[in-house]
Every structure is written in C-alpha cells, then in structure tokens.
Amino acid sequence: MKKMFFLVIPILLLLLFMGCATTNKHLLKVDSTPPDALVSIHDKKESSVENIRKVAGTTPMEKNFEFPSAENRLWLEIEKRGYVPQRVEVKSDTKALTLNLERIKDKYGVPVKEYAFPFVKRLLFAIPDFVVIKRGFSSEEVSADESSAAKTGLAKGAHAYFTGKYEVVQIEGLQNDEHFLKSVWRDVKTAMELIDPIRLTYLSSPQYLETKSAREAARQLGSRYQAEVLLVLSGKQNVETAGMVVGKIGLSVAGTASSYGRGYSNAVSRGDSFFVYTVDVPEFSQGALINAALIDCTTGEILWLNKGLWEPINFSEPESVKAIINDLFTSLK
C-alpha cells in the first residue's frame, strides 16, 4: 500500500504539470453581415499605440482563439470598407459571434462604397526613388552609381512583372512631369510610412493622397499618359563596409516575412490561425527596404500598398531582382 502511494504522487504531479502547461484555447465562430470583414485580435478594449497587430483572417471563420489566462477575454476588431468598425469583447465561453455591420455615409449622405479594384488597361510607372547608402564606422554616403543601378534594376523588374497583365508606360520626363511627381511623392511617402498594408483595403474609408495638389497631379499624369493607375516605388539599401559587418548581425526583419503582403498571403494559404506582424518597419543596419504603392489617377485613392525588408540585393542580377519584385507584388490582385 505504501509503495502504491509513492507511485501515485508522481502521476498526480505529472497531471498537474500537464494541466498548467495546457494553453487556454477555445473554438470560436466569427461571422459578419456582410462577410469578408478583417478580424484583428487585441488584449485590451482600447489601445493607444498599436505597434504589433495580430490578424485572424476574414469572416466567416471558425478557429481556436487563445485567451489570456488571467482575464479569459479578448477584444476582436472587425473592419470592412464602407462600414463602421467594431471592437467587441468575447469571453472564453463564447461559442459564436455574429455582427451586423453598419454602413458609413459620406457628407452628402451617400453610402461609402466597398473596396473595388478599378478596371485597368494602362499602368503608369515612375522611375523608383531609391538610394544605396555605404556605411562605415565614422561616416556614410550615398553611392550615386549603385543608386542608379538599383533604380534601373527595379524599373526593369517591375516592368517585366506587369507586362502581359497591363499595358505599361513609363513617365518620360515631359514638361511638368517632375512637378506633378514631386507633389505625388510628398504625399505617398507619408502614406507608405503610416498606412498598414494588410488593413488598407479593409479600412472603413478609402485612403487618398492627402493634399488636393497631389490628387490633381495624379489626375494630370493619368490624363497625359492615358493611364488609369500610377505605380511608385521608393526605398533604400544600407551596405556596410567589411569592417562594419565583422561581428554583427546585419538585418533585423522581426515582424515581416520579407514583405508584409507576402507574409499575410502565405499565412492564409497555409491555413495558419493567425498572422502577427509589426506595424512599423523595424530598424536595420544592413539590407534593403522597398515600399510600393498603386494610386488611382482619377481619384487619388491609394488602392494598394506593400513594403518589406530584404537582405542586401545585387541589382545587377535580374533573377535576384525578379525574386524581390515577385515578393513585393504578391498581394496585388
């Protein structure tokens, strides 16, 4: 009897340990009317700063959600273009959540339209705004030759990617082209920095170039080249000298899977439960940051946006550039 008692104790301790290690996951069905609303997960009702976002996917969905053990509750944020966003509390014993989304109306009382990609016959392409920076221990400088090679490589890669999908025309530098582009670049660079690429098409209202002058510039360029959309790329590549690289890990890509769009697309295609990413691009000492945006020339709406980090790119190798371009545009349908 005594021997049996000592055998039972370890078993009970093992079961107790296993119980403590068990994750607090519960099956939850989330649906909305209309469907195809983006579902993000938060651990607080209100978040003042959201540097990290956890996306569960789009409605309808049914999957296991992990609840904090201390509170046993989460807040789900539901977003869809043209509808009022909602943040709803769910508890671990909630089995199903169905939301009727409320339409948003503009200042004239007209319902804001759901996201729709316009018909595109001709795509207008601007030479990338890209620099290559050489970094040493005491100084850094822009390499004019390598920057020029990078612009050429990215331009050729993007042109090849879209050939066969659209008629691609490049801005030729006619009179006033640079003036119009300057206005567009001013607004779109801010948008590239601030807008979350995953949520862009689900945000309740369309995102436009901020100023009237930039929207008019996009319209003028589209009219001049008979194009429906304008594609712009920008970024930089940091290249450290041999001495700087020694003993260092060059590139930090926490929160990205090269590009935000590819990371989310891959997560969806694999059937992953969640996609977690940093909203802000992390700091990096060596590597390439590339931003891309597609603008509706008629309205100035930012239709699509993506950005990402890569290890240093050899822009003289077409296959290397092709791989980056395919990654960058993977989420552009």
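Five strands form an open sheet in the order β6-β5-β2-β3-β13, with antiparallel pairing, where two strands count as paired if DSSP finds at least two bridges between them, and where strands (E, at least two residues) and helices (H or I, at least four) are DSSP runs numbered from the N terminus. The edges are held by β6 (86-91) and β13 (275-278), each of which has a single partner strand, so one side of each is left without a neighbour in the sheet. On average, and with direction ignored, neighbouring strands of this sheet are turned by 35 degrees against each other; angles run from 0 to 180 degrees between N-to-C directions of axes fitted to C-alpha atoms, for helices over the stretch in contact.

The model is a predicted one, in which local features need pLDDT of at least 70 and side-chain atom pairs count only at pLDDT 80 or more, while totals for chains, interfaces and linings use all residues. Residues are numbered from 1 along each chain as its sequence is written, and side-chain values use heavy atoms, with hydrogens and water left out.

At the β13 edge, this strand pairs with β3 (residues 52-58) in the antiparallel sense over four bridges, and Phe275 of β13 is the bridge partner of Val55. Helix α6 (residues 260-270) packs on the sheet, touching β2 (38-42), β3 and β13, and its direction makes about 170 degrees with that of β13; contact here means heavy atoms within 4.5 Å.

The two kinds of residue on α6 are set out below, with buried meaning under 20% relative accessible area, exposed over 50%, and partly exposed in between (1.4 Å probe, protein chains only).

| Residues of α6 | State |
|---|---|
| Tyr260, Gly261, Gly263, Tyr264, Ala267 | buried (under 20%) |
| Ser269, Arg270 | exposed (over 50%) |

The buried residues cover an arc of only 165 degrees around the axis, which puts them on the same side of α6, the arc being that of the directions from the helix axis to the C-beta atoms. Their cover includes β2, β3, β13 and β15 (302-310), whereas Ser269 and Arg270 lie on the face turned away from the buried side. Gly271, which follows α6, has a positive phi near 80 degrees.

The largest nonpolar core (buried Ala, Val, Leu, Ile, Met, Phe, Trp, Tyr and Cys residues joined through side-chain atoms within 4.5 Å) has 32 residues, and Leu231 is among those with the most contacts inside it. Its largest share, six residues, comes from α2.
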